[in-house]
Amino acid sequence: MREGEPQSIVETAGLSDLPEIGRLRSSAWRASVPHCAHLAPAIDTDEHDYHAEHWVIRVEGRIVAAARLCHHNSIAEIPDGAYFAECGSRRFLGPVGSLNRLVVDSRFRRHGYARSLDIKRIESARESLCGCAVVSTGAFRVPRLEALGFKVIGAAPPAAVLPWKDQSAPCFLLVLTLE
């Protein structure tokens with residue numbers, strides 16, 4: 001966060017916030033990912049949204065950043081579990097906290113909001129006694145996640161776990177042990 005910028009306030013979000021979170025996801029991905037420009041401004045949610053914890057950052061009452069954490073009993077239950085399992089199952093002490101769907105409105109990037117949401121999700125996974133936290137992401141986020149203690153353990157085809165991202169770029173799988 002740069003000097004002079006307001007401190008971000010991370011709030012717990014409820015199911016009633018999902019439509020606004022979904023619209024933020026759709027608009028952010030349409031604006032920043034060339035092959036997603038054709039997507040309709042639909043509400044982008046999935047089945048994991050309804051059992052996950054969500055956090056948001058609001059500016060003037062509007063959600064400008066959001067992220068979720070799903071709790072699963074094993075790596076096999078997470079959305080990209082097959083790719084993580086290929087990297088060696090002994091790394092994944094259950095339960096598993098799966099960090100997903102981080103999105104920041106392009107007009108509010110570089111304010112430290114993604115980091116604030118990552119820290120909140122890691123804290124929640126730790127408090128929930130998860131053995132580890134996992135995330136799949138593009139290369140641009142890897143250094144930021146490594147700074148929080150995550151380790152790259154492998155890669156997966158981008159279309160498999162990040163269909164809204166650049167299909168030519170690799171997708172990295174990261175794990176953070178929370179013991």
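Where in the fold is the place of Arg68? In this predicted model, Arg68 sits in strand 3. Despite being an arginine, Arg68 counts as buried, at 1% relative accessibility. The side chain of Arg68 is joined to that of Asp49 by a polar contact of 2.8 Å. The strand around Arg68 is in a similar position: nine of the eleven residues of strand 3 are buried, so the strand is largely enclosed by the rest of the structure.

Strand 3 (62-72) has a paired strand on either side in the order of the sheet. With strand 2 (53-59), the pairing is antiparallel and runs over seven bridges, and Arg58 stands opposite Ile63 of strand 3. These two strands make a hairpin with two residues between them, and Glu60, in the turn, has a positive phi of about 50 degrees. With strand 4 (96-104), strand 3 again pairs in the antiparallel sense, over seven bridges. Here Ala65 has Val104 of strand 4 as its bridge partner.

Zooming out, the sheet is an open one of seven strands, in the order 1-2-3-4-5-7-6 and with mixed pairing. Strand 1 (10-13) and strand 6 (151-156) stand at the edges; each has a single partner strand, so one side of each is left without a neighbour in the sheet. From one strand to the next, the twist averages 30 degrees. Further along, strand 5 and strand 7 run antiparallel and are joined by seven bridges, with Val134 placed opposite Val175 of strand 7.

Next comes helix 3. Helix 3 (residues 113-127) lies across strands 1, 2, 3, 4 and 7, and runs at about 30 degrees to strand 3. Its 15 residues reach 21 Å from first C-alpha to last, close to the 21 Å expected at 1.5 Å a residue. Buried positions in helix 3 include Tyr113, Leu117, Asp118, Arg121, Ile122 and Ala125. The buried residues of this helix pack against strand 1, strand 2, strand 3, strand 4, helix 4 and strand 7. Just after helix 3, Leu129 takes a positive phi of about 65 degrees.

Helix 3 also feeds the largest nonpolar core, which has 23 residues; Leu99, Tyr113, Ile122, Phe150 and Leu178 touch the most other members. At least two residues of this core come from each of strand 2, strand 3, strand 4, helix 3, strand 5, helix 4 and strand 7. Setting aside neighbours within four places in sequence, Ile122 is in contact with Leu99, Leu148, Phe150, Leu176 and Leu178. Another core, of twelve residues, lies apart from this one, and Phe84, Cys87, Phe92 and Val134 are among its members.

Two residues outside the strands and helices round off the picture. Arg141 is in the loop between strand 5 (132-138) and helix 4 (142-147). Arg141 counts as buried because its relative accessibility is 8%, below the 20% cut-off. Not counting residues up to four places away in sequence, Arg141 touches Leu102, Ala114, Asp118 and Arg121; of these contacts, Asp118 and Arg121 are themselves buried in helix 3. Glu179, by contrast, is exposed, with a relative accessible area of 78%, and lies in the segment after strand 7 (171-177). The C-alpha atom of Glu179 is separated by 8.1 Å from that of Arg126, although the two are 53 residues apart along the chain.

Key
Residues numbered from 1 in each chain as written. Predicted model: local features only at pLDDT ≥ 70, side-chain atom pairs only at ≥ 80, totals over all residues. Heavy atoms only, no water. Helix = DSSP H or I, 4+ residues; strand = E, 2+ residues; numbered from the N terminus. Buried < 20%, exposed > 50% of the residue type's maximum accessible area, 1.4 Å probe, protein only. Contact = heavy atoms within 4.5 Å. Pairing = 2+ DSSP bridges. Axes fitted to C-alpha atoms, helices over the stretch in contact; angles between N-to-C directions. Polar contact = N/O pair within 3.5 Å; in protein donor to acceptor, adjacent residues only side chain to side chain. Expected span 1.5 Å × (residues − 1). Core = buried A, V, L, I, M, F, W, Y, C linked by side-chain atoms within 4.5 Å.
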